[in-house]
Amino acid sequence: MDAVRVALLREVLAGTQWPGDARRFAGSLRRSVAPAGGKLLLVGTEGYEPWHMAAHLVDEAAWSGLPELAPTLVRHRVRPGEPPHLSVGLGRLAAAGRGHTVLVVAPREPGEGLLERVHDARRAGATVLSLDGGDRDLGALAHDALSVPDGGAELDLDTVQHLVSAAAGENGLPAQRGSRRRLRDRLAGLADRLTAPPPSRW
């Protein structure tokens, strides 16, 4: 979703909690990753892989001049021969500790196995953030959580991820902007991501 669409979405949602909640949560994300210079681990559930959130955070990291926002995508299943950035399994959570941030994206129940791994990471000193569908156990485990109940009347978790990722990069200083034409081209390319299948990078 490009900057224009995010602005329109915020306008539509004006008067609701979502723009403010997204900015608050994005602030928690920035504060947690900045002191360590990164070490952001992004993980979904066994049935939901947040590749879209990963791609947008990579873009925001580059555009805002905040490289610490670029996450490592942690996956439940890694197929042989996949590129390095798609080959990080759940074992990576076992190495998480002080200085790491674990961002969990879970539209539905995360499952006991993931909860145990995230709990262990928190006990080791990692900061845990959660974008979820209202799971109580995950919400209780997280240092900060933003919940979007499944079937909510206003918007879904995918849309909230766009609001959060856009807000996360807003307080940074833009990297070299280049010409306005290059900016328009970049935004046009991002606009297709909502409906397009995952690009080869993700």
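Of the 202 residues in this chain, 47% count as buried. The model you are looking at is predicted, so treat what follows as a guided walk through computed coordinates.

## The overall layout

The chain has eight helices and five strands. Following the sequence from start to end, you meet them in the pattern α-α-β-α-β-α-β-α-β-α-β-α-α. Contacts often link distant parts of the sequence: among those between residues at least 6 apart, 71% join residues at least 24 apart. The accessible surface of the chain comes to about 10,400 Å², and carbon and sulfur atoms account for 50% of that area.

## Strands side by side

A good place to start is strand β3, residues 101–106, where six of six residues are buried. Thr101, Leu103 and Val105 point one way from β3, while Val102, Val104 and Ala106 point the other way. Residues on both sides are buried.

Strand β3 has a partner on either hand in the list of pairings below. Strand β1, residues 40–43, runs parallel to β3 and is joined to it by four bridges. Strand β4, residues 127–132, is also parallel to β3, with six bridges between the two. To get from β3 to β4, the chain passes through helix α5 (residues 112–123), and this β-α-β crossover is right-handed.

Strand β1 is covered on both faces too: Leu40 and Leu42 lie on one side, Leu41 and Val43 on the other, and all are buried. Besides β3, strand β1 pairs with strand β2 (residues 72–74), in the parallel sense and over three bridges. The chain goes from β1 through α3 to β2, again in a right-handed β-α-β crossover.

Here are residues that face each other across these strands:

| Residue | Opposite residue | Strand of the opposite residue |
|---|---|---|
| Val43 | Val104 | β3 |
| Val104 | Ser130 | β4 |
| Leu42 | Leu103 | β3 |
| Leu42 | Leu73 | β2 |

Leu42 is a handy landmark here, since Leu103 in β3 stands opposite it and so does Leu73 in β2.

## Two nonpolar cores

In soluble globular proteins, nonpolar side chains tend to be buried together. In this model the largest nonpolar core has 34 residues, and those with the most contacts inside it are Trp18, Leu29, Leu103, Leu131, Val160, Leu163 and Val164. At least two residues of this core come from each of α1 (3–12), α2 (18–33), β1, α3 (51–64), β3, β4 and α7 (157–170). Helix α7 gives the most, with seven residues.

Which residues does Val160 contact, leaving aside its neighbours within four places in sequence? They are Trp18, Leu131, Leu146, Val148 and Leu155. Apart from this core lies another, of 19 residues, among them Val88, Val104, Ala121 and Leu138.

## Three charged or polar side chains to look at

His100 sits in the loop between α4 (91–94) and β3. Is His100 buried or exposed? Its relative accessible area is 10%, and because the cut-off for buried is under 20%, His100 counts as buried. The side chain of His100 makes a polar contact with the side chain of Arg92, at 3.4 Å. Beyond residues up to four places away in sequence, His100 touches Lys39, Leu41, Arg92, Ala95, Ala126 and Thr127.

Lys39, one of those residues touched by His100, lies in the loop between α2 and β1. Lys39 is partly exposed, with a relative accessible area of 45%. Setting aside neighbours within four places in sequence, Lys39 is in contact with Gly99, His100 and Thr101. Lys39 and Ala126 are 87 residues apart in sequence, and their C-alpha atoms are 9.8 Å apart in space.

Where is Arg75 found? Arg75 is in the loop between β2 and α4. With a relative accessibility of 7%, Arg75 counts as buried. A polar atom of the Arg75 side chain lies 2.8 Å from the backbone oxygen of Leu86. Leaving out residues up to four places away in sequence, Arg75 touches Glu49, Glu82, Leu86, Val88, Gly89 and Leu90. Of these, Val88 also belongs to the core of 19 residues.

Terms used: Residues are numbered from 1 along each chain as its sequence is written. This is a predicted model: local features need pLDDT of at least 70, side-chain atom pairs count only at pLDDT 80 or more; totals for chains, interfaces and linings use all residues. Side-chain values use heavy atoms; hydrogens and water are left out. Buried means under 20% relative accessible area, exposed over 50%, partly exposed in between (1.4 Å probe, protein chains only). Two strands pair if DSSP finds at least two bridges between them. A crossover is right-handed if, with the strands pointing away from the viewer, the path from the first strand over the helix to the second runs clockwise. Contact means heavy atoms within 4.5 Å. Accessible areas come from the Shrake-Rupley method with a 1.4 Å probe; for residues, only the protein chains shown count as cover. A nonpolar core is a set of buried Ala, Val, Leu, Ile, Met, Phe, Trp, Tyr and Cys residues joined through side-chain atoms within 4.5 Å. A polar contact is a pair of N or O atoms within 3.5 Å; within protein, one must be able to donate a hydrogen and the other to accept it, and residues adjacent in sequence count only if both atoms are side-chain atoms.
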